[in-house]
Amino acid sequence: MKTLKEHFKDKFLVGAAVNAYTIDHDKELLTKHFNSITAENEMKPEHMQPEPNKFTFEVADKMIQFAEDNGMQLRGHTLVWHNQMPDWFFTDENGNDVSREELLKRMKDHITAVVSRYKGRIHAWDVVNEAVEDRGEEMLRKSKWIDIIGEDFIDYAFKFAHEADPDALLFYNDYNESHPEKREKIYQLVKGLLDRGVPIHGVGLQAHWNLYDPSYENIEAAIKRYSELGLQLHVTEMDVSVFEFGDERTDVKEPTKEMLHLQAERYERFFDLFTKYQEHITSVTFWGISDAYTWLNDFPVRGRKNWPFVLDEKGEPKPAYHRIVK
Ligand code: G3I
């Protein structure tokens with residue numbers, strides 16, 4: 001049976017999100033199946049610059065070295081987000097918001113330090129993450145970035161990243177990317193960036209999906225719509241939860257046969273779609289490696305286990321694996 005990276009080698013990269021633990025403990029599984037990695041948390045601003053001008057590059061350096069030693073790519077995640085920013089970033093020594101100029105300077109300094117350190121070694125960066133508002137009239141989510149800088153913080157982030165590494169592919173990355181209302185907002189946001197000549201090269205579809213949502217129709221409509229932008233598409237954080245939204249059960253100790261069957265059916269159709277649009281989709285990353293660990297174990301129900309991947313807790317192929325590696 002072919003490994004994931006062998007099976008999809010002529011189509012797209014197959015990636016996994018790694019963390020400080022799995023990069024050490026799952027080496028074999030990682031190099032067997034994947035040719036791309038993303039740091040799940042370790043390259044986010046709160047990890048990279050926990051204090052002003054004090055950068056902690058050790059774990060990220062190790063991940064990049066691991067990727068290079070094993071002929072893998074690394075997707076950089078992420079530079080500008082409303083979440084996992086260090087506390088000091090938006091405030092002065094008195095705890096007041098900094099000025100627009102000061103925040104732009106801090107943004108530029110952060111992006112320049114991180115992106116230029118890995119210049120030529122990170123092929124794609126999620127420059128701005130999750131800036132679009134999920135529902136309603138507002139285009140952009142409320143955040144310190146908007147409050148202090150204004151809507152053009154996104155333009156600046158991409159410009160600073162491009163200056164630091166002109167060859168890196170720069171992505172806008174978001175979730176609920178396949179829901180019609182948000183899809184259109186993301187499309188309009190990116191279209192606006194392109195119209196203004198902002199250096200952006202791709203759209204990241206996070207793909208945090210479950211057994212029932214989103215529908216295949218909505219996912220295909222999203223892929224088609226984003227393809228019209230003429231940019232690369234990356235599936236950046238894929239997982240398929242075995243629980244529906246709103247299912248808050250805590251007593252499920254293992255996935256049922258039906259869950260695994262439905263999950264396999266979903267994965268098969270998702271990868272059929274990715275293959276259909278392989279001209280646009282150049283990378284597909286799972287937000288983890290195997291069911292041994294997933295952020296979904298704690299979300300949205302604390303302490304509840306989930307089984308969202310195609311490799312089981314022992315790293316062995318699940319029914320979903322067999323359906324995508326046909
Ligand atoms: O490191 C601390 C640990 O010291 C502490 O004991 C523990 C107690 O809760 O928390 C640990 O930090 C957690 C961190 O993950 C590392 O495990 C944080 O609480 C927790 O909030 C953090 O969650 C991460 C989440 O982003 C933050 O929003 C998830 O691991 C990570 O998978 C998730 O990734 C995001 C993407 O970046 C963007 N798209 C959505 C995706 C899923 O939420």
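Q: A residue is buried if 20 or more other C-beta atoms lie within 10 Å of its own, exposed if 12 or fewer, and partly exposed in between, with C-beta atoms placed from the backbone. Why does asparagine 53 count as exposed?
A: Asparagine 53 has 9 C-beta neighbours inside 10 Å. The limit for exposed is 12 or fewer, so asparagine 53 counts as exposed. This is a predicted model: local features need pLDDT of at least 70, side-chain atom pairs count only at pLDDT 80 or more, and totals for chains, interfaces and linings use all residues. Residues are numbered from 1 along each chain as its sequence is written.

Q: Where does asparagine 53 lie?
A: Asparagine 53 lies in the loop between helix 4 (45-48) and helix 5 (58-69). Helices (H or I, at least four residues) and strands (E, at least two) are DSSP runs, numbered from the N terminus.

Q: What makes the phi of asparagine 53 stand out?
A: Most residues other than glycine have a negative phi. Asparagine 53 is not a glycine, yet its phi is positive, about 60°. Alanine 207 also has a positive phi, near 65°.

Q: Why is alanine 207 called buried?
A: Alanine 207 has 24 other C-beta atoms within 10 Å. Buried takes 20 or more, so alanine 207 is buried. Alanine 207 lies in the loop between strand 6 (202-205) and strand 7 (208-210).

Q: Why is valine 301 called partly exposed?
A: Valine 301 has 16 other C-beta atoms within 10 Å. That number falls between the two limits, so valine 301 is partly exposed. Valine 301 is found in the loop between strand 9 and helix 12. The C-alpha atoms of valine 301 and glutamate 279 are 38 Å apart, with these positions 22 residues apart along the chain.

Q: How do you know that threonine 236 is buried?
A: Count its neighbours: 31 other C-beta atoms lie within 10 Å of threonine 236. The cut-off is 20 or more, so threonine 236 is buried. Threonine 236 is found in strand 8 (residues 232-241).

Q: Which residues does threonine 236 touch?
A: Not counting residues up to four places away in sequence, threonine 236 touches Arg75, Asp126, Asn173, Gly204, Leu205, Gln206 and Thr285. Two residues are in contact if their C-beta atoms, placed from the backbone, lie within 7 Å.

Q: What makes the bond between histidine 77 and threonine 78 notable?
A: Most peptide bonds are trans. The bond joining histidine 77 and threonine 78 is cis, with omega about -5°. Threonine 78 is found in strand 3 (residues 73-80). Another cis bond runs from phenylalanine 299 to proline 300, with omega near -5°.

Q: Which residues have the most contacts inside the largest nonpolar core?
A: They are Trp125, Val127, Ala157 and Ala161, in a core of 85 residues. The largest share of this core, eight residues, comes from helix 8. A nonpolar core is a set of buried Ala, Val, Leu, Ile, Met, Phe, Trp, Tyr and Cys residues joined through C-beta atoms within 7 Å. In soluble globular proteins, nonpolar side chains tend to be buried together.

Q: Which residues does alanine 161 touch?
A: Not counting residues up to four places away in sequence, alanine 161 touches Leu79, Ile111, Val115, Trp125, Val127, Ala168 and Leu170.
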